[in-house]
Every structure is written in structure tokens, then in C-alpha cells.
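Welcome, and thank you for taking a look at this chain. Please have the sequence and the model open side by side as you read.

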Amino acid sequence: MKIAVEGCCHGELDKIYETISHLERKEGLKVDLLLCCGDFQAVRNEGDMKCMAVPTKYRQMQTFYKYYSGEKKAPVLTIFIGGNHEASNHLQELPYGGWVAPNIYYLGYAGVVRYKGIRIGGLSGIFKSHDYRKGHFEFPPYNQETLRSVYHIRNSDVFKLKQIQMPMDVFMTHDWPRGIYHYGSTEALLRKKRFLREEVNSGTLGSPAAAELLHHLQPSYWFSAHLHVKFAALMQHEAKGNATPKTTKFLSLDKCLPYRDFLQIVEVPERPGSSDQLEYDPEWLAILKATNDLQKPSPRMWYPPENNGLHPRWDFRASEEAMMEVVSDLNGELNIPENFSLTVPAFDPAHPQPHIPPAYATNPQTTELCANLGLTDIYALVGQGGLSPAAQEGGASEDEDDEDNRSTGSVEEPSEYPTDSSALSSSYNPDEITIEDEWEEEGEGGDEKGSDAVVPEAPAGIQDSDRDSSPLLEAAGRLVLPPPRAESETDEPLSSPLALRLPPPSRSLSSSSIGLLQTSSEEEGGAPLARVPKRCSGETKGTHSPTSGTPRIKRRNQSIYTAPEDEEES
């Protein structure tokens, strides 16, 4: 089975599907499945745009609404997870996953499905220590705090995923598992993303929660995005008992832009006799059913049950009997019903409504699944007043919208991980612009151009801590990974003939409508396609002072920011 893997989508569905179509024609192949690794932006209308954590002036409708409204249909089955730039009110309707449009399936906060016998799992959002132990309490309209906390992963979802015992073929996260960069060409990564060096050297880059899941699940493939760079790695796991050691092939891809490595084809053997339809996974449904009473839509800290004499049950692994029970609950039908329906009106270009507020709606798909399995629709529970007014109010002012940069947990809100430093990241990503900086007036800076300003600067707002926030694991709390493989071995995993290179688009396709899938010239030892433009005023090249706070960004190449073909979001 040929699977197209895509990095950050940012609502560019038309361009992604056009790229796949071009690849199929050029290479004479057929893509069976598309996996998108976050920042999908399933925006249905103007109200949804107000639920995305991006600056107002960069909230654009893009093309998803066409697939939601039925104007278009996805030409290939698409499965995606959430990232840190999403229409959160839409995705919250589907906490256990579901169709956001015909042929486009969201995995939920965490989820596992099967397609042609291949087991595919994922975890939505990014890691943030100060929200990690909370429940999913957020509800629209969001304030400046909940607009961001809503996409932070929770330990309750990680706990559920850690109950999985059966083998996993493919797993997706938006941010990287911590430490994975040691299993690929680390120096090649740092040549492309120099600002990551400090965190790579200190071991603070990536998500420790994802690293735990990588260690536990040991899937054949792990796909990520978030850092806007192509990076492959091969991780040899330590053997469990007498079992043969497993290997995980890791791949992270860029965002959807021309001449960027945002799409790659991976071939995964399908299992003969398996259904051609997307299916529920019995083990995962049994775990959801067993852990249903553990989840609370509250901002209070939640601690997973442990075998310490204080909890009547701490092991929620699914037995064969429990799996047979959920199959019975579904009347023996594991095919996921194609029961998509509109829950809010779709955007109408002929009648724009820029002032409509964010919508709240229960989703019939979630209602049906909850009824069949006895699950709780936690989004509906909050909407019905399941959360106290005090918990819903709280929130930060605009002056505090960089809270993610400062919070490290406290005695009252302990981190899941010792000596947490997730909010103390000192590196600065020149490929992104912080929300704080983008909310300033455009007049700052003028028309100054850098001599190496080749790549258009990303106009999307993102807090730097939302890019690579993660704590430092030390002493007994450290997750011990197997020794990294030699660099010569790490280039193997996804540089086979399946790592296809697209030629320049045909004359009928402009660079504005199709991205190029290329193997990075840096990975081949050549010169990079383009250098990242200088971005920060008062910053020494290649360095950033950890005590300087949020860098001040000059407004360079303003005409490039607004060029239709290069409009992008981090």
C-alpha cells in the first residue's frame, strides 16, 4: 500500500491533492492513503477562524470549506491529527475521531484505526508541561489562554495510548519525540536549522511524552511535522524480553510550499484479506470504554492511577473479552460508518460573514459512537455546564499571550517530568514569527532587505515555545533511549526508491498551485536550495541570547508576505 505522508497542511488541501495527482501521473502509481501530521486547519467558516491561534490578519479561509460543503471531495482517503494551528472548536466536536468531510478522517485527541489491515495511530496537539495534567476543559469562545491550551496534549490521552499492547504499524504526532534527532543525521539537521543546536545539545528539543510513546509502542513508522524541515531517522529499540528488537523509521516533513519537502511516498505492506474500508480498532475501543470514567473536563490536575494501593484499578489494558464486547456493541460491524454531516453552515464566498462568532455544536458522529459504547462526549459535557463558571472564566490577557514561554509548572502544578524546562527554550526559529510580534503595527522596520533573503518569510503567528516546548528529563526521570546508530545507517529508512523526487511541475501547473517533492540537496552533500533569511534585529548571526526575551523582527520584504502564491503559516 502506497501512503503519501504530508507535514504541516495549513489548509492547503487543493495544493496537496494536486501534488499527489501530479505524482501519480508522472510516476505511474496510485496513492492509497494520505496522512497529514497536523496544522490541518479544518476551517468551515469565519467563526472557525477565530478559534485558531494565529494573528487575525493571517486567518485565511484556504480551501477546506470546499470539501466540508460538498463542493469538492477528497480524491484519496485522508487521515490527520491536530497540531497547534487548528479550528479547535471544530475538532473538539470529535474527541474520539470522526469525519470532518467526506473521505477526510480526524483521529481525535488520540486514536487508532485500521486500513487494509494496517494499524494507524496518532496523538493530536503539542506538549506543554503546565497543561499536561489538566482535562479537556476548554470551550468556545476561547480566551487568550484557552485558545492555546486547547491544543496542548493531556496525560489522560497518553495514558490511554500506553495501554496498547498489540503491534502498531504507523503512528503520528505533530511535534517530535524527544531524542529522535540522535538517530538520524543530526549535523545535516543543524545545517538546515542552526537555531536548534542549543536544544539538541542540551537534550531539550522535542516532546518527552512522545518519547515515552515511541519507547512503548515501537511502531514500524513514526511521522511528525512542526519544525518545518525534512528529517529521517532509524531507531533500533531495545528488545523486550526474548522478542526480536524492533526498529522504527522516523520521518518529519516540511509545510506545504513550492520547492519544500512537504510530501513523501512510503510503501507499507498491506495484509491480504483485510477490509478496503476504514475500520475501528477493537483494542483501542476497549481501552476507551475502560478508561471512560477517568477523564474529567476540568482544569484541575489529574494523576494516572498507579499500583500503589490507592487505586482499585491501574491496569486498563484490553483483554480479549473486552475487545469482543466492543465488537458486540457495534453489532459485529467494525467498518467506520460514513456518517458525516454538516454541523455548522459552510463558508459562502458570495455572502461572507466576517462577524459571526465561533460556533458550538454537538456532532452526531460522536453522539452515535458514545451511545453504542457507553462513552462520554466530554465536549458536550462542558457545553451543558459540566465545568464550573470559575474554571471557564480564568484566562490570560493579551499581555500574557506568551505564557507558554514562561510557565514551568510549580509545586501546585507539578510536571509529569522532573526538572521541567519546557518553557525555558532559548533558541529562536527564524522560519516562524511569534504571535506577540505579529500583533504589532506593520510600520515597524521598513523595507530593508537581507542579502540572503531568498525564502519568503512565514507570516503565520506562533509562539516559539509552541514549536519545540518540552521538559528536560534528568536523573531517575530520564527516558533512557538505546544508543544512536551510526550516521551512515540513519540515511536508510526513507531514502529508498519510495522517497520519490518530483520534477518541476508541467507547464499546465504553476508553482503557486503545486509543491515540489525533492530530496534535500543538503542531505545529498550539495548546497542548500535556499538559505533562511536573516530575521532578527540586533541578533548576531547564528546566535540568540537566552536572556534577550522575544526577538524583535524587522518587517522585511513586506511584499513577499502578501504574495498570493507564497502566503503561508507556521
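## A first stop at S88

S88 lies in helix α4 (residues 88-91), where helices (H or I, at least four residues) and strands (E, at least two) are DSSP runs numbered from the N terminus. This is a predicted model, in which local features need pLDDT of at least 70 and side-chain atom pairs count only at pLDDT 80 or more, while totals for chains, interfaces and linings use all residues. Residues are numbered from 1 along each chain as its sequence is written, and side-chain values use heavy atoms, with hydrogens and water left out.

Is S88 buried or exposed? With a relative accessible area of 5%, S88 is buried; buried means under 20% relative accessible area, exposed means over 50%, and partly exposed is in between (1.4 Å probe, protein chains only). Setting aside neighbours within four places in sequence, S88 is in contact with C51, Y142 and V150, a contact being heavy atoms within 4.5 Å. One of these partners, C51, is itself buried, with a relative accessible area of 1%.

## The chain as a whole

Stepping back, the chain has 18 helices and 13 strands. Of its 570 residues, 59% count as buried. Among contacts between residues at least 6 apart in sequence, 81% join residues at least 24 apart.

## Strands that pair

An open sheet of seven strands runs in the order β10-β11-β9-β8-β7-β6-β13, with mixed pairing; two strands pair if DSSP finds at least two bridges between them. Which strands stand at the edges? They are β10 (231-236) and β13 (279-280), each with a single partner strand, so one side of each is left without a neighbour in the sheet. The partner strand β11 pairs with β10 in the antiparallel sense over six bridges. Within this pair, A233 has F250 of β11 as its bridge partner, and A232 has L251 of β11. Five of the six residues of β10 are buried, so this strand is largely enclosed by the rest of the structure.

Another pair to find is β4 (residues 98-101) with β5 (residues 104-106), which is antiparallel over three bridges. Here the bridge partner of W99 is Y105 in β5. The hairpin of β4 and β5 has two residues between the strands, and N103 takes a positive phi near 75° there.

## Backbone details in the loops

Two further residues have a positive phi although neither is a glycine, as the table shows.

| Residue | Phi | Loop | Relative accessible area |
|---|---|---|---|
| D39 | about 50° | between β2 (33-36) and α2 (46-49) | 1%, buried |
| Y259 | about 65° | between β11 (247-252) and β12 (263-267) | 45%, partly exposed |

A peptide bond is also worth a look: the one joining P140 and P141 is cis, with omega about -5°. P141 lies in the loop between β7 (118-123) and α5 (146-149).

## Cysteines

How many disulfides does the structure hold? The structure holds zero disulfides, a disulfide being a pair of cysteine sulfur atoms within 2.5 Å. C9, for instance, is in no disulfide, and the nearest cysteine sulfur, that of C36, is 5.0 Å away. At 0% relative accessibility, C9 counts as buried.

## Enclosed spaces

Finally, turn to the cavities. On a 1 Å grid over the protein atoms alone, a cavity is a set of points where a 1.4 Å probe fits but cannot get out. Grid points are joined across faces, edges and corners, and a volume is the space filled by probe spheres set on the points. By this rule there are seven cavities of 30 Å³ or more, and the largest cavity has a volume of about 150 Å³.

Which residues lie nearest the centre of the largest cavity? They are Y106, Y109, S124, V150 and Y151, out of 18 residues that line this cavity, where lining residues have an atom within 4 Å of a point. V150 is also one of the contacts of S88. By class, the lining of the largest cavity has seven nonpolar, eight polar and three charged residues. In this scheme Ala, Val, Leu, Ile, Met, Phe, Trp, Tyr, Cys and Pro count as nonpolar, Asp, Glu, Lys and Arg as charged, and the others, Gly among them, as polar.

Definitions and conventions
On a 1 Å grid over the protein atoms alone, a cavity is a set of points where a 1.4 Å probe fits but cannot get out, and a pocket is an open set with protein on both sides within 12 Å along at least five of seven lines; lining residues have an atom within 4 Å of a point.
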